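Hi everyone, thanks for making time for this. Please have the picture open while I talk, and follow along residue by residue.

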Amino acid sequence: MDILSYSAVELSAAVKEGKVTAVEAMEAVLSRIDERESDINAYVTIDREQALKAAAAVQEKIEKGELTGPLAGVPVAVKDNLCTEGMRTTCSSKILENFVPTYSAEAVLNLEKAGAVMVGKTNMDEFAMGSTTETSAYGVTRNPWNTDHVPGGSSGGSAAAVAAGECFFALGSDTGGSIRQPASFCGVVGLKPTYGTVSRYGLVAYGSSLDQIGPLTKNVADCAAVLETIASYDRKDSTSINRKKEKKDTDFTTALVEDVKGMKIGIPKDYLGEGLDSEVKNAVLAAAELLAAKGAVVEEFDLSLVAYAIPTYYTIAAAEASSNLERFDGIKYGYRTEKFEGLHDLYKKTRSEGFGAEVKRRIMLGSFVLSSGYYDAYYLKALKVKAMIKKAFDDAFAKYDLILGPVAPTTAPKLGDSLQDPLKMYLGDIYTIAVNLAGLPAISLPCGTDSKGLPIGLQLIADSFQEKKLIQAAYTYEQNKTKCVE
């Protein structure tokens, strides 16, 4: 069996059984990178020597019986806004082009403890601001299904790497759909957990009240295994939730059960209206029919406030970004302009030269909505609408176990199309951003392709801490969709 055809969990099992070694798996991934990376550009940084050395060390521990988990020996890619000790972390920005952290993100440490082996750092929209992975200072990432198209964003490098076989799974971050949308565009599985489930320690912040780390994987079983590994309470993160103390289980692999009988699934009518591509709509409704055929109760309902999600999200996210990005000033670390006169000029020139256009746009928007005279009119009002959106979801989950809908209005657009019209790019997040505003978990999984052969994603949304329902329904759909294809 070709090593790259294994899923992450299958590979780990094969390593433990002696069918393949962790070093052979890493060599297979590096060979695939050599073949495809010039076309795709999924990675910003790869340390081949260190990757092979780490794989050999993990192999030794597996043979001694010290590593027994479902990800031991598996090559993983990490989005370039997650700090990695001794390896460059750039956020795909010129301003951090030579930044090498002295510590690793908690989620990365959890993977390393489980025996996963890091390949490198994946490309992304600069500081996670974008939906196409075209705003990176290190070149655009291309969709492995069709290199004329975008892979989505901001975790486009992670999604593309998984889809192209350049790793077995990857970590991404999701502020307004940045795991789920690229997962949809690249035909892989992506899950955004409940806010606070995965520690944000070591994640370079974009919107602190919205950001959450999650997995991008080949299938739902891998997704459950990765989430189970990275979910942990962390005292270093003030927003981290101790789910064990709250009796909110994190043994997500136990939810890999093929059963949705009696599960109530609601489809918001607002998600099926104007702007949704007909091929995407048909694929999503066909997925709903499959779940209904397996015993789920599926019906349409009204989910209010959808129209207000985009302005609310961009107001809050930009405000938090303008505050979070103040630290990048050329003083302590990162890029510094060469010629300047005085401190003020140093700040101005460093930030002008170091940040890209989209990041500058959001910093200016955020500074404006937080400024004197506009705070109440914009930012405070956005926080009130955010609370109303959460209430609308609470009301929906009083009636339904899950909400079903599309991930994005269309399949992956062509390279260059979205950057010509930033507003159109923002509108592409309409089905994903409300999930972050409400702190909810959601999963994207493939549900077909359009007439151009590009993947279509199905989104399932659950109430807080109900990832197991997501995984169970997604696994049921995935298993039966596979049977239909066969």
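Let's start with Val76, whose bridge partner in β3 is Met118. A bit further along, Val78 stands opposite Lys121 in β3. Both of these pairs belong to a parallel arrangement: strand β2 and strand β3 (residues 117-122) are joined by 5 bridges. Two strands count as paired if DSSP finds at least two bridges between them. The strands themselves (E, at least two residues) and the helices (H or I, at least four residues) are DSSP runs, numbered from the N terminus.

Before I go on, a word on where this comes from: it is a predicted model, in which local features need pLDDT of at least 70 and side-chain atom pairs count only at pLDDT 80 or more, while totals for chains, interfaces and linings use all residues. Residues are numbered from 1 along each chain as its sequence is written, and side-chain values use heavy atoms, with hydrogens and water left out.

Back to the strands. Is β2 enclosed or open? Strand β2 (residues 75-79) is largely enclosed by the rest of the structure, because 5 of its 5 residues are buried. Buried means under 20% relative accessible area, exposed means over 50%, and partly exposed is in between, using a 1.4 Å probe and protein chains only. Pro75, Ala77 and Lys79 point one way from β2, Val76 and Val78 point the other way, and all are buried. Its partner gets similar treatment: 6 of the 6 residues of β3 are buried, so β3 is largely enclosed by the rest of the structure too.

On top of that, β3 pairs with strand β1 (residues 43-46), this time in the antiparallel sense, over 3 bridges. There, Ile46 stands opposite Gly120 in β3.

Now for some backbone details in the loops around these strands. Asn41, in the loop between α2 (22-40) and β1, has a phi near 60°, a positive value in a residue other than glycine. Cys91 has a positive phi as well, about 55°, although it is not a glycine. You'll find Cys91 in the loop between β2 and α4 (106-113), and with a relative accessible area of 0% it is buried. Then look at the loop between β3 and α5 (156-163), where Ser154 is found. The peptide bond from Gly153 to Ser154 is cis, with omega near 5°.

Let's move to the core. A nonpolar core here is a set of buried Ala, Val, Leu, Ile, Met, Phe, Trp, Tyr and Cys residues joined through side-chain atoms within 4.5 Å. The largest one has 150 residues, and Phe127 and Phe393 have the most contacts inside it. Its largest share, 9 residues, comes from α9. What does Phe393 touch, not counting residues up to four places away in sequence? The list is Tyr271, Leu303, Ile403, Ala434, Ala438 and Leu440, where contact means heavy atoms within 4.5 Å.

Next, the empty spaces. Rolling a probe the size of a water molecule over the atoms shows where empty space is left. On a 1 Å grid over the protein atoms alone, a cavity is a set of points where a 1.4 Å probe fits but cannot get out, and lining residues have an atom within 4 Å of a point. Grid points are joined across faces, edges and corners, and a volume is the space filled by probe spheres set on the points.

How many cavities of 30 Å³ or more does the structure hold? There are 4. The largest has a volume of about 100 Å³. It is lined by 14 residues, with Gly130, Ser131, Ser178, Tyr313 and Asp429 nearest its centre.

The second largest cavity has a volume of about 60 Å³. Our friend Phe393 is in its lining, along with others including Tyr271, Leu303 and Ser304. Helix α12 gives the largest share of that lining, 3 residues.

Let me finish with two loop residues. Ser304 lies in the loop between β8 (297-301) and α9 (306-324), and at 46% relative accessibility it counts as partly exposed. Thr432, in the loop between α13 (422-427) and α14 (433-437), counts as buried at 1% relative accessibility. Leaving aside neighbours within four places in sequence, Thr432 is in contact with Gly176, Gly177, Arg180, Val407 and Gln459.

Thanks for listening!

Notes:
On a 1 Å grid over the protein atoms alone, a cavity is a set of points where a 1.4 Å probe fits but cannot get out, and a pocket is an open set with protein on both sides within 12 Å along at least five of seven lines; lining residues have an atom within 4 Å of a point.
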